[in-house]
Amino acid sequence: MGMSTKRKMQTRRALPAALLGAAVLAATAWVLPKSTRNPLTETAVWSLLVVVSFAGWGSAVRVGVAPKERVDLGLRAMWGAGLVCFLGGLLMVPALMTRTSALLLVEVGLVFALIALWRERSAVRSRFAFAARFIRREPRISFLIGIGLGFFALHYLGAIADSHTNPYDDDIAYLAFAKKLLDTGTVIEPFSFRRLSALGGQTLFVALLWLRAGAERSHTFDRSVCILLILLLVAGYRSKARRTNPVVVLMTMALLLTLPVKAINTASYFSGVAFFLVLFRTVAWAARRDASARAWTSALPLALVGSAACTLRQNYLPIPVIMLAASYGLRLFGRRRSLETEQARSSSFGRDLAELLYAAGLSLVCIVPWLVVSWQSNRTFLYPVLGGTFNPALALKASDPSILRELKLQIGVFLEGVPIPTLGLFVLAAAVVREDDSRRPLASLGIATAVGFVLMVHGFSQSDAMSIGRYVFGSAAAAVIAVLLVTMTTKAFDETSELPGSNTHQRTAAALRRRARTAAAIVVVATLTQLTLSLITRTEGLLLSDTYKQSLTNIGMLARSAPPPRVPDPHEAYLLYRRMQDSIPEKARAAVLLDEPYRLEFSRNPIWNLDMPGYSSLPPGLPFFQGSDKVEEYFAKIGVRYLAFVTSDHSTYHYRREYWVERLVDETELWRSFAPYLIDFLDNLTALSTKHKRLFEERGMIVIDLGEQR
Amino acid sequence: MRPPIPIFAIFVCMLGLGAVTSMLACSRSEPDAAVAEEIARRDAFRVAMLDAEDAGRARSVSSRPDVMFEEDFTRVFFDPATSFRNHAYRWMGRRAHIRLKTQGDRPMRVRALGWLDRKILYTKPFVTFSIDGQFVYETPPTEDGHFWGEFIVKPELLRTEWVDLVIAPSSIAFHWAAPPNLSVAVLYKFDWEPVTP
């Protein structure tokens, strides 16, 4: 073969990778410069680049831990997201996680992705070749996959185009956290209950998207990017190195894209599914590895994704811990029984124990920056175990802690709260199926989900089944997908798998096959039932078809909308907030109770968001039910001179006094307990505003100077 | 020969555990007395606020720190439905259950006002009250269907922190539907307070 022919072949082999690399470069060059672009296209391109960046970081992890092993795109992207989460937390400790750092994190990930593309160009080509072969051989399934991808694109763009944010959670807190993170490099909010309730991983990810997406596109991370990551994890799943049947991938895709979305805000919902699913997949990946692989190399990816899951929501914290403990526990004791010789048992036990210690140690290392930032913000390393700035008078447990009530709530959440009515059938299938490997990823995820579920319901018994259902959805949905993948791909299900040896062995193999078929049949029935229920059940009064139609309308409107000018922001609301903030001297500390604090410039003033007054405050504790003088004394003591707030007759939603007076007789104990605090605080602010100089007053927004009398 | 457990792994683990332990030790805890005081102030504020806002009727049939409405009660309805300041009530069923918090060995007074739709019932029912399964009181409704139950619960029946009160109006069981959806009995006032000497 001549040199030119060889070069031509090399060029042909590198072509798919080169094309992908060129696409990434072109998209980066288009989206990075600060200019005006159509928001739909800009957000879609940027969000995909963030996923590529995650994959780049994940490729770097792969080079470190398993340079010669095949690691699929989904696993890499999620490992990368875990690493980005760790780095983000690390940068937040010295308040360096600013807009520039966020941009750098994404850009460095893109560089890693391009390097990985080049290094693995042959593998990229073989994936393309496989896809081409598959389309030729299976045109009907390819057509169905095409339709599925079409629905996915609709879902992806629909979430981007959904500009509805929750005035209760997002507008007053979550969006402000993302803005504050980019403005100040960290999120220090000692008065915010929502800040206390999550270490902040979700805020970091939303902020990464915000670099080019903006506040109106804040659903992009959870409902677009995370769904894509989940699908990549499903598509990349292997059972004993065998590809997952495309029909199984299609089933999972259909299940996922039709599940009723009960997320009411931008907090973690699908991101929980993605991180728990990758935890399951990483345990399964570690189980397939060669016994000679060094212990820390299996432990590191587990630590990255496990600790990242912990940062998303406080109620996620026990799940990765229990899952890894269950996995290692089952492996340690299972292997001790199965290995023949004492020497083999001892060697295996030592290696497993070493890996367990590495996983525990590295997980702690990965989560410590987030715990430190939590301390900086709320004087606690581990809420709710340690209250920190939390007000214990507003405990979240029901005041009548009877076992019967607890059981009723547990059952209520399981049957009505989690938006997967067929959950019980998946649990049944999980009980029937027998896993192939000693790490038992499915059993471990199942145990962790069950314990996490019970703990969550127990700890938040003041709330109702529907609200708690949203919090436990992440692990429950991940477990359902895991059951689907395991039962439909287990080796024992395969007719051709034969165990050699005696009749006993063959009988065992036959029994295993029967169990696998039973589990698969249950899962098929459960999936079809779930699909049917999802199609005919109304969520918030809407059928699934209505939701997709609404998405199409939103996409169309956003696609046609004119690109917004970037600087200065022309929105009247921003200008109003700017005027209001300008009335406060630069660098002076302020505390705010506003409908849309995300419109503030947090780099201009140190600002504390009062969020839901009563739940959290700096020592000695914001005084309640003691009059406005005490409140004034308190703010003077902690160095707050300026208070900015919206009056209750102008508040768009959260700070309407009349609404909270009605909540005093609400059926849910949570609101009955909280309502007095907000009413009292609003009344105190009104009283203070009559005594002190008003620096600003426009459209119900008032700034008062506590240092000057009126 | 390499040790089975690398020293570094143990070191990292111990470091992490040490860090977490010291972090836990540094965290602040609130004294219980101050918490109890704040809760008492909050409850008093809630009562005063609802009365000041002319919503006392809703207060008397809503769950509160010492009274929890449970099964066989609907949510609170208002008549007219436009404001929580209007006449407030809950539909109740055959065995309407309320959890009541006791106050040590103090006798407590129950005052319950309700109404039964006798035009639908075609009969004269009676209403019984029992605490933790023990009958304590019975009252018939008036001609227009209103009933008034007021009685003192002796300390012997209040030995646990919470007790179960069941209000059972007779003759509201229909074979085609389950109460409280029948909408034939309501509770529009419920008080639970210690007996003052």
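A: A salt bridge is a side-chain nitrogen of Lys or Arg within 4 Å of a carboxyl oxygen of Asp or Glu. The structure above is a predicted model, and this idea can be applied to its two chains.

Q: How many salt bridges are counted between chain A and chain B?

A: The count between chain A and chain B is six salt bridges. One example joins A:E658 to B:R85, whose closest N and O atoms are 2.4 Å apart. That distance of 2.4 Å is to be read against the cut-off of 4 Å. Polar contacts are counted as residue pairs, and there are 13 such pairs between chain A and chain B, with both residues at pLDDT 80 or more.

Q: Which helices of chain A supply at least two residues each to the side that touches chain B?

A: They are α15 (342-378), α16 (403-417), α24 (657-663) and α25 (669-691) of chain A. The greatest contribution to this side of chain A comes from α15(A), with 14 residues. Sorted by class, the side of chain A that touches chain B holds 28 nonpolar, eleven polar and twelve charged residues.

Q: How many residues does each chain bring to the contact, and what area do chain A and chain B bury between them?

A: Chain A brings 51 residues and chain B brings 43 residues. About 4,000 Å² is buried between the two chains, with 65% of it on carbon and sulfur atoms. Of the area that chain A buries against chain B, 14% is supplied by A:F625, A:V665 and A:E667, more than by any other three residues.

Q: How should the packing of α3 against α13 in chain A be described?

A: One may give an angle, a distance and a handedness. Helix α3 (residues 73-92) and helix α13 (residues 295-312) of chain A pack at about 65 degrees, and their axes are 8 Å apart. The crossing of α3(A) past α13(A) is left-handed. From α3(A), the residues include A:W79 and A:F86, while those from α13(A) include A:L304 and A:V305. The contact of these two helices comprises nine nonpolar residues, two polar and no charged.

Q: Where in chain A are A:P384 and A:P620 found, and which peptide bonds lead to A:P384 and A:P620?

A: A:P384 lies in the loop between α15 and α16 of chain A, and the bond from A:Y383 to A:P384 is cis, with omega near 5 degrees. A:P620 is in the loop between β4 (607-609) and α23 (628-637) of chain A. The bond from A:P619 to A:P620 is cis, with omega near 5 degrees.

Q: What is the phi of A:D611?

A: A:D611 has a positive phi of about 50 degrees, although it is not a glycine. A:D611 lies in the loop between β4 and α23 of chain A.

Note on methods
Residues numbered from 1 in each chain as written. Chains lettered and ligands numbered in written order. Predicted model: local features only at pLDDT ≥ 70, side-chain atom pairs only at ≥ 80, totals over all residues. Heavy atoms only, no water. Contact = heavy atoms within 4.5 Å. Buried area = accessible area lost by both parts, 1.4 Å probe. Polar contact = N/O pair within 3.5 Å; in protein donor to acceptor, adjacent residues only side chain to side chain. Helix = DSSP H or I, 4+ residues; strand = E, 2+ residues; numbered from the N terminus. Nonpolar A, V, L, I, M, F, W, Y, C, P; charged D, E, K, R; others polar. Axes fitted to C-alpha atoms, helices over the stretch in contact; angles between N-to-C directions. Left-handed = near helix turned anticlockwise from the far one by under 90°.
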